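Work through the exercises below with the coordinates loaded. Each task is followed by a stepwise solution.

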Amino acid sequence: MIFSSIIFLFYFLPIVMAIYYIVPKKMKNIVLLISSLIFYAYGEPKYVFLMIFSITATYIFGLLINKYRNTKYAKMILFSSIFINLGLLIYFKYFDFIIQNINLWLSSNIDLLNVLLPIGISFYTFQTISYLIDVYKNEVDVQKNFFNLALYISLFPQLIAGPIVRYKDIQEQLENRNYTIEKFAIGIRRFVIGLGKKVLIANLLGELINIFAISTDKSVIFYWLYAISGMLQIYFDFSGYSDMAIGLGSMLGFKFPENFNYPYIAKSITDFWRRWHISLSSWFRDYIYIPLGGNRVSSIKNIRNILIVWLLTGLWHGAAWNFIIWGLYFGILLIIEKKFLLKYIEKLPNIIRILYTNFIVMISFIIFNGNGINQILENVKGLFGIGNIPFTSTESIYYLKSYFVVILIGILGSTPIFKEKLNKEKIRKFINVLEPLVLMAIFIISTSYIIDGSFNPFLYFRF
């Protein structure tokens, strides 16, 4: 079940909200837990038991770590818990990839397991690991209520696509939350904006990307349309889903961490990764980079640490070489920036810095979305007309005209320009009147597209 679906918008969500606000406070967590399990089981009936196993193991390991705190057994229990959680992730997400590469390198013929990837396993695995590490480090109290821990891990707004909510961020909220009309209204607003970003921008750009993929009349302009649309699509798809998750959390009384902060106005790659998928970046920083020594080690070891983090970041996104290359691409560029280039970049005008960053990011998403090295190279070379590619064509001009408005809205919408203009005191009164009407229009148009059966994928389901 995805947020941008009729069954979620008009059946699941209204029923859950009605029951949630009717029952007494002490029953709300049980309602949410049951709802979250139903939400997950709708799309993954058999894998809901895998998630319950992971929850149960995490609960038991947490209690054992707490019981044997400050003894040698605590570390052994922690390593065992991480081994089990990562073992499940590796089996379901990477085992066939490992077999494929063994067959390739050793010319063997080992049969693939053809294991289906459980939706959201990367997200909830990272949450279980962070909880256990924080309990071990005594940064959070162990959760002795099984149902509260189960709710933290399975909470449906952030279950299948994040943001990666850490236990320390919501441990108090699991037992004590504030329910106000203002928070509910803010939640609705955030959810509807996220739905619009997903359906009215990401989905439309996804259609253009699919058209490009099957086109036999490619030109330099069409390659640029594809590249720009690709980076806008993934931003509006994922940030839209994060907005919906944060909005749903607010409607339920939770405050989830922000996951994006206008990454396409970043002035360096370092700045970009402070703004993009913030919950994932901070997870790798706190649980991998810093324990390895971070930047408080020799230059060689710091380079090693960065490469390890970005190799793992690439692997986290998927079991394919394009994701590994994508991660190492960013790792190498960040090393170059931090060690040599950043001091020169900072002297450039802001517009040049933003264009530099976005060009690097645009190439990265060509790698990210690529299907094999040859296709990636073809799409990069096409941007520069390498290989006797015409500058323009009848088809590219047609699609440029057809999608120009949505691309322009996407570019402007990925910056804070609208937010800054709308927050001006002079027009705030008008906004207060018009905003409910605009939000209603976004919701109606978005649901119309969904009902019409328009293109409605969700990119991060693969993770």
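A polar contact is a pair of N or O atoms within 3.5 Å; within protein, one must be able to donate a hydrogen and the other to accept it, and residues adjacent in sequence count only if both atoms are side-chain atoms. The model is predicted, so local features need pLDDT of at least 70 and side-chain atom pairs count only at pLDDT 80 or more, while totals for chains, interfaces and linings use all residues. Residues are numbered from 1 along each chain as its sequence is written, and side-chain values use heavy atoms, leaving out hydrogens and water.

**Exercise 1.** Place E139 and find the partner of its side chain.

Step 1. E139 sits in the loop between α5 (121-136) and α6 (146-154); helices are DSSP runs of H or I with at least four residues, strands are runs of E with at least two, and numbering starts at the N terminus.

Step 2. The relative accessible area of E139 is 40%, so this residue is partly exposed. Under 20% would be buried and over 50% exposed, with a 1.4 Å probe and protein chains only.

Step 3. Beyond its neighbours within four places in sequence, E139 is in contact (heavy atoms within 4.5 Å) with D134 and K168.

Step 4. The side chains of E139 and K168 make a polar contact at 3.0 Å. These two residues are 29 apart in sequence, and their C-alpha atoms are 7.8 Å apart.

**Exercise 2.** Is Q158 buried or exposed, and which backbone oxygen does its side chain reach?

Step 1. Q158 belongs to helix α7, residues 156-159.

Step 2. With a relative accessible area of 1%, Q158 is buried.

Step 3. The side chain of Q158 reaches the backbone oxygen of L155 at 2.8 Å.

Step 4. Neighbours within four places in sequence aside, the contacts of Q158 include Q127, Y152 and F256.

**Exercise 3.** Describe the fold of the chain as a whole.

Step 1. Count the elements: the chain has 19 helices and zero strands.

Step 2. The radius of gyration, taken over C-alpha atoms, is compared with the globule rule, 2.2 Å times the number of residues to the power 0.38. The chain's radius of gyration is 23 Å, close to the 23 Å that the rule gives for 463 residues, so the chain is as compact as a globular protein of that length.

Step 3. The C-alpha trace spans about 70 × 60 × 50 Å along its principal axes.

Step 4. Of the 463 residues, 51% are buried. Among contacts with a separation of 6 or more, 77% join residues 24 or more positions apart.
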